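Take a moment with the chain before reading on. Then follow the helices one contact at a time.

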Amino acid sequence: MVFVLAAAVFAQGTSEFMLSGMLADIAADSGVSLGEAGLLTSVFAVGMVIGAPTMAMAASAVPRRVALMGFLALFALCHVVGAMTANFAVLLGTRLVAAVANAGFLAVVLASLPTLVRPPLVGRATAVILSGVTIACIAGVPAGTVVGQLWGWQSAFWAIAALSALALVVLWPTTSALARRGGSSAPVWTEWRVLAQRRLLVVIGLGVLVNAATFAGFTYLGTITTAVSAPGSAWVPAALALFGIGSFLGVTIAGRCSDRYARRIITGGAVVVTALWVLAALSAHTLPGVLVLALVTGAGSFGVGSTVIASIVSSASATAPRIAGALATTAFNLGAIAGPAAAGLAVGDAAQAHRAFWISAVFGAAATLVAALAARRSSAARAEEAAAA
């Protein structure tokens, strides 16, 4: 069942990122500027941040099975409506609602993993779920773009709706383990007290920083590749695909180890990721350098990032089972907003796009510092406990 859930996340991830190749057509059909059409991507990210905590709280009143099916059905319906309209305001509204549904679905899925798998396998299951996002970058986004180019951007929306509907049909009979309402009988708002735990706040902060580093660089990878190749070059989708392949490998490998070595992966991985982004910035003037570093930065960034997300779920699920997934989803998407926003301030034009990699390195360095301080504090606490004993 975890793999079916990952397939649904694949459809949602494809929807989130595929519009980058269709904005010009959407703008022409909707009668808006290209810049205005870009709001379709921005509003999706905002909807994810807003939707994760609010939908997790709303879903606590119903069985998780019903919540999952409801969010997935709403997501599919938004794409049906989007495919049938040329009104930009309506389309923008469907993107916002679809993002909220996506956030709710992902939050419930992540919160449900401790119920679906044994505790030692939560990290691996989280990696499988997040692999749906990475595979979307590798295959879903290019495929959605091709479908949109061949048969119109509406056809890509229809394809996402159909894939979501198929996942809905398959999931219903396989989610009986979630038929009962999960978590405590106490009011769901009481679970937000978990944010008073210093260790959890540190892990959430790491999640924001690591993902900010990831998306700051990834957002401008295509522009950087164009600068060292040529406009319309086949190397641009190749670089994006290499980043996606690296991301999948990183998530897969880290997922097999994160349940036992999460702290080492996060602490050591933050150092490695920072170094990789520095190398990427230094190599951004050559095509081979861009291609090689696209692969390895994708692997390192998503390997560490998925481990942090799994750690948030594991840390919060004991005392806040209904919002654990929301905390992880919010951390991921805050990073996805903060990274590109910071990079945008540094990048004035295409010739300066390589600065985005330096911004990624800065976020990585901040994550390294936070992880090191947390490890030092944890070691000191253990030493005090040993001395007291």
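The paragraphs below go through helix packing, an aromatic pair, a cavity and a pocket.

This is a predicted model, in which local features need pLDDT of at least 70, side-chain atom pairs count only at pLDDT 80 or more, and totals for chains, interfaces and linings use all residues. Residues are numbered from 1 along each chain as its sequence is written, and side-chain values use heavy atoms, with hydrogens and water left out.

Start with helix packing. Helices here are DSSP runs (H or I, at least four residues), numbered from the N terminus. Their axes are lines fitted to C-alpha atoms over the stretch in contact, and angles run from 0 to 180 degrees between N-to-C directions. Angles under 35 degrees count as roughly parallel, over 145 as roughly antiparallel, 65 to 115 as roughly perpendicular and the rest as oblique.

Look at helix H4 (residues 39-59) and H6. Their axes come within 6 Å and cross at roughly 45 degrees. H4 is therefore oblique to H6. The crossing is right-handed; that is, the near helix is turned clockwise from the far one by less than a right angle, while anticlockwise would be left-handed. The contact of H4 with H6 has 19 nonpolar, four polar and one charged residues. In these classes, Ala, Val, Leu, Ile, Met, Phe, Trp, Tyr, Cys and Pro are nonpolar, Asp, Glu, Lys and Arg are charged, and the others, Gly among them, are polar.

H6 also packs with H1. The angle is about 155 degrees, and the axes are 11 Å apart. So H1 is roughly antiparallel to H6. H1 passes H6 in a left-handed crossing.

Now turn to helix H5 (residues 64-83) and helix H8 (residues 153-171). Their axes come within 8 Å and cross at roughly 160 degrees. That makes H5 roughly antiparallel to H8. This crossing, too, is left-handed.

Next come the rings. A pair of aromatic rings is described by the distance of the centres and the angle of the planes. Rings of Phe, Tyr and Trp (its six-membered ring) pair if their centres lie within 6.5 Å; planes under 30 degrees apart are stacked, over 60 edge-to-face and the rest tilted. The structure holds six such pairs. One of them joins Phe-215 and Phe-302, edge-to-face, at 6.4 Å centre to centre with 70 degrees between the planes. Phe-215 sits in helix H9 (residues 198-219) and Phe-302 in helix H12 (residues 287-317), 87 residues apart, so the pair links distant parts of the chain.Finally, consider the empty space. On a 1 Å grid over the protein atoms alone, a cavity is a set of points where a 1.4 Å probe fits but cannot get out, a pocket is an open set with protein on both sides within 12 Å along at least five of seven lines, and lining residues have an atom within 4 Å of a point. Points are joined across faces, edges and corners, and a volume is the space filled by probe spheres set on them.

By this rule there are five cavities of 30 Å³ or more. The largest holds about 130 Å³. Of its 15 lining residues, Glu-16, Met-48, Leu-106, Val-133 and Phe-332 are the closest to its centre. Which helix gives the most to this lining? H1 does, with five residues. The lining has 10 nonpolar, four polar and one charged residues.

The second largest pocket holds about 450 Å³. Among its 18 lining residues, Arg-199, Val-202, Val-203, Ala-374 and Ala-375 are the closest to its centre. H14 gives the most to this lining, with eight residues. By class, the lining divides into 11 nonpolar, three polar and four charged residues.

Technical notes:
Helices (H or I, at least four residues) and strands (E, at least two) are DSSP runs, numbered from the N terminus.
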